[in-house]
Structure formats: structure tokens, C-alpha cells
Amino acid sequence: MRRTSTFFLAVCLCGCWSAGYDKAYEASLDRYQAEAEFASLHAQPIALFEEQMQVRVPKVFVKQLDGTESPPHSTPPFVRNFPGFLTAFEASINAVNLQSQALLTLGAVPAAEQTHEDVAATILTQVQEDESFPQVKWEPRDVQSQAGTTEKWNVLELRGPQLFDQIVAGNPESKRSAGVCAIWVSAQPRQSFCTVIACRAPDGISAAVPVAKLAELVARTVEVHPTEKNPAVPPASKPPARRKPTAE
């Protein structure tokens, strides 16, 4: 009887240990797979908008722009009025006698100033003025953030001839060539900020800069932590009503 009880206890302990190991292994595997998905981005996010927003940037973008460069190229040529412009990042990809530029532009507009519908309308009006994209429309899209929540975005994927900066045989030039630009605008119902992401590159460097994929990955890493600069002050308590004197 004692031998049977000992064997039963050993089986139970082994089963519990195995179950715990399996759970730990599955959790570790999930973390590895999740991080592998974002391997093309820097591990550490950058802080924007007075550190109220964090986002991870693709490793291929190595030069940061502040919008003061001349000639201006920190925003897409068909969205010069870029809502809530914060910063941009540039990638230079070399080929034979050719250096092509790719761009990532980030912006954020406080929801108290503009709704995401207004932001999207501002962008669309400009884009439709370009000869390649007169009929484009926003596409709603739900994606899973790196934190595991489902986030709503509106997306424009612009494929066709557009103006790009290139260096050909050592000479800078701007000309229209085939390329893609992906523009993402956050559309959460109760968001503190409307986030704007634009990623673009000519087709010739699509292997090094897969625009559609990178734009979605960046969008999935956006985290907003708003600070209340002017906290609401509770109303002062009313003094007790003065009682009327009564006749004695």
C-alpha cells in the first residue's frame, strides 16, 4: 500500500511539474514569436509629444529630420500640411550609380483640437490633388497592438508614380517614379491623440524598405500616455445658507 501511495504521489508531482514547465515554455515561446515579429524595429521606443507618446522606429531609418531641412522633404510631397508634424526619419539605400531615399513621418494631433475625421479629411484633400491619386479613399483597418489590444486605424495605400528625391551618379534630382506611400491615421473612439504615420519609398528599394509592412508595424507599437497639464479643480463648497432671524 505504501509503495502504491508513493508511486501515486510521484506521478502527481511529475504531472504538476510538467504542467508548470509547459506553461512557462508556451509563455516564453509566445514572447519570442511576438518580438520576432517586430525584429525589424528598434527594441527601444522613442518618446514624442513631451513624452506622452512612444513609438518604435524601423532600423532602416537612420537619419532624423526636424522639418527645417532645405529643400523640405520631411513630409510626403502631396501632404506638405502634415497634421501635427513631430519628426521624420530618412533612409538612404544605395544601388549601382543610384542612391534612393525612403521616409517615415510621424505626427500627433490632440483630440481636443481635431477629431480623427478632420485629420483624415485634411490629408485626403491634399492627396487627391496629386495626379496619381484623385480617387483614393480611406480604408478602415483593425490591428493588434504589441500590447495585445485591438486598435482602429484608417489607411491610405498610395501605389503609383510620385515625386522622389534621388542621387544619380552623384547628382541630386527629384522626379516622379513608381513607388508606394502608406498613411495611417488612428481612429479610436476615445483617443487622447490622433496619431499620423506616413511611410514611403520608390519601388526600386522595396526589398530594403517594405513600406506597407513597416507602416503597420510602427502603428502597432504606438503607445499614448497623456498627462493632464491642467487638472480639473473641484468646485468650492458653498457656504451654508444664512438663516433668517426669527422673532422671539
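The paragraphs below lead through the interior of this predicted model, beginning with its nonpolar cores and ending at its largest pocket.

The largest nonpolar core takes in 33 residues, and those with the most contacts inside it are F61, L104, L106, W153, W184, I197 and V209. Two or more residues each come to this core from β2 (53-55), β4 (85-95), β5 (98-110), β7, β8, β9 and α3 (211-221). Among these elements, α3 gives the most, with six residues. Apart from this core lies another, of 20 residues, which includes L124, V127, F133 and V196.

L106, one of the residues with the most contacts inside the largest core, shows which parts of the chain meet there. When its neighbours within four places in sequence are left aside, L106 is in contact with I46, L48, V55, F82, G84, F85, L86, T87, F89, V196, I197 and V218. I197, itself among the residues with the most contacts inside the largest core, is thus one of the partners of L106, and so is V196, which belongs to the other core of 20 residues.

Two further residues of the largest core, W153 and W184, are both buried, and their rings form a pair. The centres of these two rings are 5.9 Å apart and their planes stand at 70 degrees; since planes over 60 degrees apart count as edge-to-face, the pair of W153 and W184 is edge-to-face. By the same rule, the count of aromatic pairs comes to three. The pair of W153 and W184 links distant parts of the chain, with W153 in strand β7 (residues 150-168) and W184 in strand β8 (residues 171-186), 31 residues apart.

Both tryptophans are also touched by T195, a residue of strand β9. T195 has a relative accessible area of 4%, and because buried means under 20%, T195 is buried. Not counting residues up to four places away in sequence, T195 touches M53, G107, A108, W153, W184, V185, S186 and V222.

V222, a contact of T195, leads on to the largest pocket, where V222 is one of the residues that lie nearest the centre, together with E151, Q188, E223 and V224. About 280 Å³ of space lies in this pocket, and 16 residues line it. Strands β7, β9 (193-202) and β10 (223-224) each supply at least two residues of the lining. By class, the lining has seven nonpolar, seven polar and two charged residues. Strands β7 and β9 therefore appear in two settings, since each gives two or more residues to the largest core and each supplies at least two residues of the pocket lining.

Methods. Residues numbered from 1 in each chain as written. Predicted model: local features only at pLDDT ≥ 70, side-chain atom pairs only at ≥ 80, totals over all residues. Heavy atoms only, no water. Phe/Tyr/Trp six-rings, centres within 6.5 Å; stacked < 30°, edge-to-face > 60°. Helix = DSSP H or I, 4+ residues; strand = E, 2+ residues; numbered from the N terminus. Buried < 20%, exposed > 50% of the residue type's maximum accessible area, 1.4 Å probe, protein only. 1 Å grid on protein atoms, 1.4 Å probe; cavity = no way out; pocket = protein on both sides within 12 Å on 5 of 7 lines; lining within 4 Å. Points joined across faces, edges and corners; volume = space filled by probe spheres on them. Nonpolar A, V, L, I, M, F, W, Y, C, P; charged D, E, K, R; others polar. Core = buried A, V, L, I, M, F, W, Y, C linked by side-chain atoms within 4.5 Å. Contact = heavy atoms within 4.5 Å.
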